[in-house]
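Colleague: I would like to learn how to read salt bridges in a model. Could you take me through some cases?

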Amino acid sequence: MPAERLTRGVTTAPSTGIVHLGLGAFFRAFGCVYVADAMQASGGNWGIVGVSLRNPNTRDALRPQQWAYTSVTLAPDGPQTRTINVLNNVLVAPEDPEAVLATMADPAVKVVSLTVTEKGYCHNPATGALNFDHPDIVHDLSHDLPRSAPGYIVRALQRRRVAGVAPFTVLTCDNLPNNGPLVRNIVLDLARRIDPQLADWIAAEGRFPATMVDRITPATTDADIASVERLTGSYDAAPVMHEPFRQWAVQDDFVNGDRPDLAAAGAQLVDNVTAFEDMKLRMLNGTHSALAYLGYLSGHETISDTVADPVFAAYVRQCWSEIIPAVDAPDGVSLSAYADALFDRYSNPAIRHRTWQIAMDGSQKLPQRLLGTLRENLAAGRDSPALCLAVAGWMRYVAGTDEAGAPIDVRDPLADLLRDRATDTPARTVAALLAVPQVFPADLATHLAGPVTDAAALLWSKGARVAAHQVTS
Ligand code: CS2
């Protein structure tokens, strides 16, 4: 007999205080759980309306469940499940942009949070500035009903200003450096082209706290859906699977101080998030990307499979030894203990986090994950052979063929351009890819040319696994 469908049942929905743009598995496994815990501890009207900016899949899966879903904590000693009941609705932006704007303009909404991935900010990753040539931005400049996340924020703030309503706080939860100031600049750039007075109002009244978000959340698979049905006895079309660990550092700067009691849920409300962000982006996301490219090229399907290979276990520790000198630890944090904890998290065999998933969108990720560290190491005269190999690994990967000659399904907004630039020899491929200004500022490219060409020569001739072994001292 088929299991019954999960539903919210008699649980009443909290009224809406948050709109979330980009409702993927990560935010449902992370922000929604913090908000559920905050409301359980301290109450408040912080129900969430999720917005999908692209496809209707999440809405269609969750609607028959009255927006309830299962969060599954994948501990090494077995899973734990919990029903999350903080969503009030899911809107699909391309189907009904007016409904999205009307909800964002509702005075009851105090916070608009975002996980739209790096590329969703429509900016130039190498400079952080809004890309006015981006097709969605070109569209949003001349239409009241937008397409892009920055467009939705600006047009909704425009409605609030006209109605005499205070702005909402924009709470970015993407893995970008200085994510609060970054999204503030992008929003102000766009607003200024639409209406300079609107931009002035946003600059004066708006708030854009920076955040550091952390919870490893692989994409949900059909096998996960079947296992949740076995565990809970109910069918859930869209559960989320995640590790036990979670960390959220949030700059405590909200319009009128209006926010859920995130501290009661275990978040760190701090004045300055930069040290947390740099540590996490460089030490976690930087090594995630390094392991993703080299692990994939070596035939490893997941991060836990990759670090179970002793060559890559040593390689990732070599990466941390190159990264740590370029990170200022947050007060009271030991970076070597942080690295040890990351190694344990990566090794969790219950987490099937595919190298292919993390390898996605590398052109948008490399600057903040690897290139900032490399820039500082170069300036300080420190060699970074393992990190240069990671950059070469990305180049080999985006060239589009694996070491056995099979095609790679490269997902990246610049995929075509990158594949076309990759050529016959490693040296020429490195030169052509270092000349992509969206990824490599020209001065950095000049300094990286030598060490990345050496790493590429090793990688192309010996393969990723042997190369990783050779750069590990
Ligand atoms: C990963 C991140 O997919 C990726 O690029 O590096 O999603 C990572 O799992 C999270 O940032 C962990 O907090």
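**Reading the salt bridges**

Modeller: Start with one residue of this predicted model: Arg375 counts as partly exposed, at 35% relative accessibility.

Colleague: With which residue does Arg375 form a salt bridge?

Modeller: Side chains of opposite charge can pair when their charged atoms come close. Here the partner is Asp443, and the closest N and O atoms are 2.9 Å apart. Arg375 belongs to helix α15 and Asp443 to helix α19 (residues 442–462), so the salt bridge ties together parts 68 residues apart in sequence. Asp443 is partly exposed, at 40% relative accessibility.

Colleague: How many salt bridges does the model have?

Modeller: The count comes to 24 salt bridges. One of them joins the side chains of Asp361 and Lys119, at 2.6 Å from N to O. Asp361 sits in the loop between α14 (355–359) and α15 (362–379), and Lys119 in the loop between β7 (111–114) and α5 (135–142), so this pair ties together parts that are 242 residues apart in sequence.

Colleague: Is Asp361 buried or exposed?

Modeller: Asp361 has a relative accessible area of 7%, under the 20% cut-off, so Asp361 is buried. Lys119 is partly exposed, at 33%.

Colleague: Which residues are joined into one network by salt bridges that share partners?

Modeller: Glu301, Asp305, Arg352 and Arg354. Within that group, Asp305 and Arg352 meet in a salt bridge of 3.8 Å, N to O. Asp305 is in helix α11 (residues 303–308) and Arg352 in the loop between α13 (335–347) and α14, 47 residues apart. Asp305 is partly exposed at 30% relative accessibility, and Arg352 is partly exposed at 44%.

Methods. Residues are numbered from 1 along each chain as its sequence is written. This is a predicted model: local features need pLDDT of at least 70, side-chain atom pairs count only at pLDDT 80 or more; totals for chains, interfaces and linings use all residues. Side-chain values use heavy atoms; hydrogens and water are left out. A salt bridge is a side-chain nitrogen of Lys or Arg within 4 Å of a carboxyl oxygen of Asp or Glu. Helices (H or I, at least four residues) and strands (E, at least two) are DSSP runs, numbered from the N terminus. Buried means under 20% relative accessible area, exposed over 50%, partly exposed in between (1.4 Å probe, protein chains only).
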